[in-house]
Amino acid sequence: MLLAAVILIVIVALVFDFINGFHDAANSIATVVSTRVLSPNLAVAWAAFFNFVAAFAGGVHVANTMGKGIINFEMLRAAGPTAVLMVIFSALMGAITWNLLTWWWGLPSSSSHALAGGMIGATLPVLGFQGLVGSGIARIASFIVLSPLIGMVLGISMMLASTWAVHKQTPLRVDTWFRRLQLVSSAIFSFSHGTNDAQKVMGIIAVVLFGTIWRDRPFHIDWWMIISCHAAIAMGTFFGGWRIIRTMGHSLTKLAPIGGFSAETGGGVTIIALAELGIPVSTTHTITGAIVGVGSTRGWRAVKWGTAGRIIWAWVFTIPAAALVSVIVYGITLVVVRLVG
């Protein structure tokens, strides 16, 4: 019975990973599609490939943060296998629900923060506030503000540097060069997306396994977790989230290939650097900041601030909304378990 429940939760985690890729596909390909460098079908295939290749980059710092940096893992494990399974199931359902709602609304919210919010909400009924790692949560929350700002600064810097480097060239030549370079920048961002986002689910799967059937083993990330999570997110990216692509690629600002290159490179470099520090930042926040930064180099009015405002409100509500849904799911699950038991 326990083994079947564990397998079910692992499958749910991989479903979340798939939805994460589906939801965040726009982050990886919105700029390359909006500048018409690649068709949507080729763009999602390109992005999915580099999502998966990131599995072989090494490093699981983000996975360790998600597994032990939000919930007090030892306290949760001591609460017993049933508590572990109920908390993680509720957290995943809270995050999945919020992701699907924001996908339907066409808002590029954060899957990272949805999962973090789900874990926080599901833990409170079981362990209370002492079951949460305050320093880890504060660090994640701070990057709701910091990651888009860093992305914006790097996007602006890349745009200014790129513009200066080609200011003596003809517009046609500049366009031709940066259409080719955007393939590289899109690959960089898709690689960073896989590096950051796939690791979140590895941490969740590790919590499930080492908190239940492998309670006698030390917490670590196995190779099969790495491969399966990257495969799931790559498949999700391949099927794409077209509603959000319209928001990211067209509604925020109009991008030329040089702008798309600058936004993707700035965002990708930011995410890779922060992943090395073990910080599960939002790829959505980072690329949005980079796109806004690139757009702002053409003047304040080049950015559609009304759309940006809607996106920011989605960011603000993500953690509490996912936490609330996960609390509700936990309550329903608890009732079902008691009735069945």
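Q: In what order do the elements of the chain run from the N terminus on?
A: This is a predicted model, and the chain in it has 13 helices and zero strands. Read from the N terminus on, the elements of the chain therefore run, with helices and strands taken as DSSP runs, as α-α-α-α-α-α-α-α-α-α-α-α-α.

Q: What share of the contacts in the chain between residues at least 6 apart in sequence join residues at least 24 apart?
A: The chain has 341 residues, and buried residues make up 57% of them. Among contacts between residues at least 6 apart in sequence, the share that joins residues at least 24 apart is 87%.

Q: Which helix gives the most residues to the largest nonpolar core?
A: The largest nonpolar core holds 56 residues, and those that touch the most other members are Ile 70, Ile 88, Leu 92, Leu 115, Met 119, Ile 205 and Ile 221. The element that gives the most to this core, with ten residues spread over positions in the run 171–210, is helix H8.

Q: Which residues is Ile 221 in contact with, leaving aside its neighbours within four places in sequence?
A: Ile 221 belongs to the group of core residues that touch the most other members of the largest nonpolar core. Leaving aside its neighbours within four places in sequence, Ile 221 is in contact with Val 60, Ala 63, Asn 64, Met 202, Gly 203, Ala 206 and Ile 226.

Q: How many residues are in the other core, which lies apart from the largest one?
A: Phe 189, Ile 271, Ile 279 and Val 294 are among the members of this other core. The number of residues in it is 17.

Q: Which elements are included in what covers the buried residues of H3?
A: Helix H3 takes in residues 61–68, and within it Val 62, Ala 63, Thr 65, Met 66 and Gly 67 are buried. What covers these buried residues includes helix H4 (73–78), helix H6 (111–127), helix H7 (134–165), H8 and helix H11 (257–276).

Q: Is Ser 162 buried or exposed?
A: Ser 162 has its place in helix H7, and, not counting residues up to four places away in sequence, it touches Phe 178, Ile 258, Phe 261 and Ser 262. Its relative accessibility is 8%, and because the cut-off for burial is under 20%, Ser 162 counts as buried.

Q: How far apart in space, C-alpha to C-alpha, are Asn 196 and Val 281?
A: Asn 196 lies in helix H8 and, at 0% relative accessibility, counts as buried. Not counting residues up to four places away in sequence, Asn 196 touches Val 62, Ser 112, Ile 271, Ile 279, Pro 280, Val 281 and Thr 283. Although Asn 196 and Val 281 are 85 residues apart in sequence, their C-alpha to C-alpha separation in space is 7.4 Å.

Q: What distance separates the C-alpha atoms of Ile 291 and Glu 264?
A: Ile 291 has its place in helix H12, residues 283–296, and is buried, with a relative accessible area of 0%. Ile 291 and Glu 264 are 27 residues apart along the chain, and the distance that separates their C-alpha atoms is 8.1 Å.

Q: How many charged residues does the lining of the largest pocket have?
A: About 440 Å³ of space lies in the largest pocket, and of the 13 residues that line it, the closest to its centre are Met 1, Ala 5, Leu 85, Met 86 and Val 337. Helix H1 (2–34), helix H5 (81–105) and helix H13 (305–340) each supply at least two residues of this lining. By class, the lining has eleven nonpolar and two polar residues, while the number of charged residues is zero.

Notes. Residues numbered from 1 in each chain as written. Predicted model: local features only at pLDDT ≥ 70, side-chain atom pairs only at ≥ 80, totals over all residues. Heavy atoms only, no water. Core = buried A, V, L, I, M, F, W, Y, C linked by side-chain atoms within 4.5 Å. Buried < 20%, exposed > 50% of the residue type's maximum accessible area, 1.4 Å probe, protein only. Helix = DSSP H or I, 4+ residues; strand = E, 2+ residues; numbered from the N terminus. Contact = heavy atoms within 4.5 Å. 1 Å grid on protein atoms, 1.4 Å probe; cavity = no way out; pocket = protein on both sides within 12 Å on 5 of 7 lines; lining within 4 Å. Points joined across faces, edges and corners; volume = space filled by probe spheres on them. Nonpolar A, V, L, I, M, F, W, Y, C, P; charged D, E, K, R; others polar.
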